[in-house]
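Got your viewer open? Load the model and let's walk through it, one selection at a time.

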Amino acid sequence: MDKKEEKIFTRYKIKIPNFKLDKIKNSKNFRKVIKIGSILIIAFIVVRSVINAVMPIIDEQCKNMARSIATKISNEEATKVMANYRYEDFCNIIKDEDNNIKMISVNMITINEVISDIPIRMQEELEKEENNTFTLKLR
């Protein structure tokens with residue numbers, strides 16, 4: 001067998017340029033880059049740890065504020081809707097000849113109207129721009 005037949009493939013050698021690290025490490029620009037890089041890394045770590053410490057507090061305040069707004073709006077809208085109805089609209093009282101209550105029947109149509117009207121009005125109120133923003137005080 002020839003030497004040529006033994007080779008399966010050939011490849012070229014990759015030439016890596018020679019760097020003299022002593023000159024690079026001693027240069028003023030390299031020192032400046034290292035200092036600026038170190039400062040940026042430290043600043044990033046500090047900012048990240050402050051954000052990690054503050055975010056749970058902000059999340060909890062946002063949840064509390066959202067609950068407060070939702071409760072306020074649901075109470076207001078339920079009061080507005082219920083102002084249009086009377087007790088007699090929700091149930092019918094049937095009495096006998098002696099004026100004793102014989103039966104109480106529920107008017108489901110009216111109740112279903114109220115049940116569907118309140119959430120619709122709540123959603124409309126929540127979608128208004130003035131209710132979507134609020135401020136948090138960080139002390």
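What share of the 139 residues of the chain counts as buried? Just 9%. Keep in mind as you look around that this is a predicted model.

**Whole chain.** Start with a cartoon view and color by secondary structure. You should find 5 helices and 2 strands, and if you trace along the sequence, the order reads α-α-α-α-β-β-α. Now switch to a surface. The chain exposes about 13,100 Å², with carbon and sulfur atoms supplying 59% of that area. For a feel of how the contacts are spread, take those between residues at least 6 apart in sequence: 51% of them join residues at least 24 apart.

**Helix α3.** Next, select residues 28–82, which make up helix α3. Two stops here are worth a click.

Go to Glu77 in this helix. Is Glu77 buried or exposed? Its relative accessibility is 4%, so Glu77 counts as buried, the cut-off being under 20%. Show what surrounds it: setting aside neighbours within four places in sequence, Glu77 is in contact with Arg121, Met122 and Glu125.

Now jump to Lys35, also in helix α3. Lys35 has 57% relative accessibility and therefore counts as exposed, since the cut-off there is over 50%.

**The charged patch.** Stay with Lys35 and add Lys28, Arg31 and Lys32 to the selection: together these four residues form a positive surface patch. Show them as sticks over the surface, and you have one buried stop at Glu77 and one exposed stop at Lys35 to flip between.

How values were computed:
Residues are numbered from 1 along each chain as its sequence is written. This is a predicted model: local features need pLDDT of at least 70, side-chain atom pairs count only at pLDDT 80 or more; totals for chains, interfaces and linings use all residues. Side-chain values use heavy atoms; hydrogens and water are left out. Helices (H or I, at least four residues) and strands (E, at least two) are DSSP runs, numbered from the N terminus. Buried means under 20% relative accessible area, exposed over 50%, partly exposed in between (1.4 Å probe, protein chains only). Contact means heavy atoms within 4.5 Å. Accessible areas come from the Shrake-Rupley method with a 1.4 Å probe; for residues, only the protein chains shown count as cover. Patches are made of residues with over 30% relative accessible area and no salt bridge: like charges are joined within 9 Å, nonpolar side chains (Val, Leu, Ile, Met, Phe, Trp, Tyr) within 5 Å. A salt bridge is a side-chain nitrogen of Lys or Arg within 4 Å of a carboxyl oxygen of Asp or Glu. Lys and Arg count as positive and Asp and Glu as negative; His and the chain ends are not counted. The place of a charge is taken as NZ of Lys, CZ of Arg, CG of Asp or CD of Glu.
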